Amino acid sequence: KKAYINPEACDRSVACPAARVCPVKAIYREQLYAPSIVNQDICIGCSKCLNYCPAGALSIITISEENIG
């Protein structure tokens, strides 16, 4: 399981609360005011971020071998 951010729903908060609570720092953004991104290689799927995203843009998805492809 991994966190996923819907870029359309992300409110692009300057200080992303979900990124601040991620224990492995898997949530980041490439540019100021761009949607946050989850580094799937680092994410441990703990779901702490879900409770802190004010826009509700985060969800937990199941990653399988078929998805990696």
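## A walk through the chain

The chain has two helices and four strands. This is a predicted model, so treat the tour as a look at computed coordinates.

**The whole chain.** Start with everything shown as a cartoon and trace from the N terminus. The elements follow the pattern β-α-β-β-β-α. Now switch to the C-alpha trace, which spans about 35 × 20 × 20 Å along its principal axes. How does the radius of gyration fit a compact globule? For 69 residues such a globule would have a value near 11 Å, and the chain has 11 Å, which agrees. Buried residues make up 29% of the chain. Among contacts with a separation of 6 or more, 53% join residues 24 or more positions apart.

**The nonpolar core.** Next, select Ala3, Ile5, Ala18, Ile27, Val38, Cys49 and Leu58 and show their side chains. They belong to the largest nonpolar core, which has 15 residues, and they are the ones that touch the most other members. Strand 1 and helix 1 each supply at least two residues of this core.

Keep Ala3 selected and look at its surroundings. Beyond its neighbours within four places in sequence, Ala3 is in contact with Val38, Gln40, Cys43, Cys49, Leu58, Ser59 and Ile60.

**A buried lysine.** Move to Lys2, which sits in strand 1 (residues 2-5). Is Lys2 paired with an opposite charge, or without a salt bridge? Lys2 is buried yet has no salt bridge, and the nearest side chain of opposite charge, that of Asp41, is 6.6 Å away. Now zoom in on the polar end of the side chain. Which backbone oxygens does it reach? One is the backbone oxygen of Gln40, at 3.1 Å. Another is the backbone oxygen of Cys43, which lies 2.7 Å from a polar atom of the Lys2 side chain. To see the wider setting, show Gln40, Cys43, Gly45, Ser59, Ile60, Ile61 and Ile63: Lys2 is in contact with these, leaving aside its neighbours within four places in sequence.

**Two positive phi angles.** Most residues other than glycine have a negative phi. With that in mind, select Lys25, in the loop between helix 1 (17-21) and strand 2 (27-28). Its phi is positive, near 60°. Lys25 is exposed, with a relative accessible area of 56%.

Then jump to Ser47, in the loop between strand 3 (37-38) and strand 4 (58-61). Ser47 also has a positive phi, about 70°, although it is not a glycine. Is Ser47 buried or partly exposed? With a relative accessible area of 27%, Ser47 is partly exposed.

**Two loop alanines.** Stay in the loop between strand 3 and strand 4 and select Ala55. Ala55 is partly exposed, at a relative accessible area of 31%. Which residues does Ala55 contact, apart from its neighbours within four places in sequence? They are Ala9 and Asp11. If you use the distance tool, try the C-alpha atoms of Ala55 and Arg29: they are 26 residues apart along the chain and separated by 16 Å.

For the last stop, select Ala15, in the loop between strand 1 and helix 1. Ala15 counts as partly exposed because its relative accessibility is 42%, and the range for that class runs from 20% to 50%. Draw one more distance, to Pro35: its C-alpha atom and that of Ala15 are 20 residues apart along the chain and separated by 11 Å.

Terms used: Residues are numbered from 1 along each chain as its sequence is written. This is a predicted model: local features need pLDDT of at least 70, side-chain atom pairs count only at pLDDT 80 or more; totals for chains, interfaces and linings use all residues. Side-chain values use heavy atoms; hydrogens and water are left out. Buried means under 20% relative accessible area, exposed over 50%, partly exposed in between (1.4 Å probe, protein chains only). Lys and Arg count as positive and Asp and Glu as negative; His and the chain ends are not counted. A salt bridge is a side-chain nitrogen of Lys or Arg within 4 Å of a carboxyl oxygen of Asp or Glu. A polar contact is a pair of N or O atoms within 3.5 Å; within protein, one must be able to donate a hydrogen and the other to accept it, and residues adjacent in sequence count only if both atoms are side-chain atoms. Contact means heavy atoms within 4.5 Å. A nonpolar core is a set of buried Ala, Val, Leu, Ile, Met, Phe, Trp, Tyr and Cys residues joined through side-chain atoms within 4.5 Å. The radius of gyration is taken over C-alpha atoms; the globule rule is 2.2 Å times the number of residues to the power 0.38.
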